[in-house]
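Hi there,

As promised, I am passing the structure on to you. Please have a look at it first, and then read my notes underneath.

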Amino acid sequence: MCGIVGIVGREPVAARLVDALRRLEYRGYDSAGVATIHEGKLDRRRAEGKLFNLESKLAGELLPGTIGIAHTRWATHGVPNEENAHPHFVEGVAVVHNGIIENFSELKDELIVDGAVFTSQTDTEVVAHLLAKYTREGLGHREAMLAMLNRVSGAYALVVMFQDDPGTILSARFGPPLAIGHGKGEMFLGSDAIALSPFTNEITYLVDGDCAIITHDRLEVMDYQGRPVTRKSQISQATAFMVDKGNHRHFMEKEIYEQPEIISHALGHYVDFASHTVKATDKAIDFSKLSGLAISACGTAYLAGLVGKYWFERYARLPVEIDVASEFRYRELPLSPTQAALFISQSGETADTLASLRYSKDEGLKIGAIVNVRESTIARESDAIFPILAGPEIGVASTKAFTCQLAVLASLSIAAGRARGTVSEADEKAMVKHLAEMPRIMSRVLNEIQPQIEALSRDLSRFKDVLYLGRGTSYPLAMEGALKLKEISYIHAEGYAAGELKHGPIALIDENMPVIVIAPHDRFFEKTVSNMQEVAARGGKIIFITDEKGAAASKLETLATITLPNVDEIIAPMIFSLPIQLLAYHTAAILGADVDQPRNLAKSVTVE
Ligand code: F6R
């Protein structure tokens, strides 16, 4: 979702602002812009599409100035064109914004009656008009900012410059994150610390309801009544290196291949590799006493939660209520303080997941966050934090965060089983041993299957529709496979529980609809093979993802069989994630798609 950067500098800032925007590209955007103040005048360049369009404009018409703000826009209100791109200017006020101003329509009507002329279709422009109006009415900049903040509602990170004050940037946060960077005689702000990492690693995170003012050497934070508040700075570990592709063509490819190393690091936080036991988890949630768990998340994180449901119910005998967060938040689900709620989010900023968290908190539940970004809002509002330790995930399509979420959920379900007496010491040892072996198996699988998957992706790229089937924990994987393929290759794909095939989707089967069957040789294998038979009988082309035992047991003709090593059920979802990720990746790359930044998608979805 939109990215924001600002610099109160000593040297020209335009190039540095665009450089910082590049580190925010992963959030997703469809236009960009930059504004500076030079010799007492605001000026800006804006462009539709990718950052190189903005850079070409800046190369043609330089933008001098030592103070500036910049923005990558992910369109919500109004199409992605130059007029709607930020910064928005009204009478010497410049504004960039991430989020949604929910009452913009009523404010706009009021401002139009007052004589305001709008030049864009955005909700953001009302902010610039309000600030201009309050300034015209005689308020100082700070007072105008506070008056505006008391009028707008919704979710926003807002950054403002006034033409007649070329040494100050004002900002506010209510929802989407905003980080202030402390430099030497210069100050910065950005949507995250990675964007600012080449400039400084001393960061102050604003919290909801903060209004901040930065000058060359000072940060002042206040609430919307203007009362000072204290926010401590911290040293961020984010480095620009984290957004480097290394030798890979795309971040997604790099992130797929990073998984063995990263998952091993993440597991080290949850299990003891020497004694093969689970480590004590955050004590704020006591699994032994719970009557049930509620899990909520969006997209890929939700699908990780769905695998977690199978594990918590099977190993810890803990009933799990799970829903996508956009439904969970409005379902008025009866919850009890004897339950705990888990929220899974890579970014830790997803608006629907955060709203579900707040709903559950109001119902008196203890809250656990399975997050990648530890400084995120979801992490901060939780009682217990279970970090997935995946490092920054830049590719919009989630890969390493998914398998790390699974590794954390597997460890937590074993820990919960131990606490509840449903997992014996011997079972704990056996399962942790399998988890400990997983990184090595992942490395082997990634190396072995790559050539076959690349060749298979050429075939897959010729189809328009694909069906994925699986049972048990392979059912959420089937949905994840379909999600991955559709979001980056734009091939239509659906994931189904294999047993649901004959309740509808079987009508679609013909030679133009390949069916990808995910079936390790587990308790469900025979049943899934029966479903494959139903597909084969109707001329469907099967891509069979199985293990050595499964490949030996099935006699069906397939378009391709991808054979993985035989592994224990507790690690199968992580191992079987690898072929589905690679298949989506290579298919999209062959089709020439923008793999890391698929159209219309954002990495961090901070609006409903
Ligand atoms: C798909 C994908 C999305 C995210 C979803 C939730 O590949 O990445 O479906 O999983 O937007 O995002 P987080 O995990 O940041 O809450």
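Below is what I found, starting with the domains and then turning to one sheet.

Please keep in mind that this is a predicted model. The domain assignment splits the protein into domain 1 (3-247) and domain 2 (257-590), and their C-alpha centres are 37 Å apart. Where they meet, domain 1 contributes 12 residues and domain 2 contributes nine residues. Together the two domains bury about 790 Å², with 60% of that on carbon and sulfur atoms. Two salt bridges are counted between domain 1 and domain 2, along with two residue pairs in polar contact. As for individual side chains, Asp208 makes a salt bridge with Arg358, with 3.4 Å between the closest N and O atoms.

Now to the sheet. It is open, has six strands in the order β5-β6-β7-β8-β12-β13, and pairs in the antiparallel sense. β5 (88-90) and β13 (219-222) are the edge strands with a single partner strand each, so one side of each has no neighbour in the sheet. On average, neighbouring strands are turned by 20 degrees against each other, direction ignored. At the β5 edge, three antiparallel bridges link β5 to β6 (residues 93-101), and Phe89 has Ala94 in β6 as its bridge partner.

Two helices go with this sheet. Helix α4 (residues 125-136) lies across β5, β6 and β7 (154-162), at about 135 degrees to β6. Helix α5 (residues 141-149) packs on the sheet too, touching β7, β8 (169-174), β12 (210-214) and β13, and its direction makes about 20 degrees with that of β8.

Best wishes

Technical notes. Residues numbered from 1 in each chain as written. Predicted model: local features only at pLDDT ≥ 70, side-chain atom pairs only at ≥ 80, totals over all residues. Heavy atoms only, no water. Pairing = 2+ DSSP bridges. Helix = DSSP H or I, 4+ residues; strand = E, 2+ residues; numbered from the N terminus. Axes fitted to C-alpha atoms, helices over the stretch in contact; angles between N-to-C directions. Contact = heavy atoms within 4.5 Å. Domains from an automatic or database assignment. Buried area = accessible area lost by both parts, 1.4 Å probe. Salt bridge = Lys/Arg side-chain N within 4 Å of Asp/Glu carboxyl O. Polar contact = N/O pair within 3.5 Å; in protein donor to acceptor, adjacent residues only side chain to side chain.
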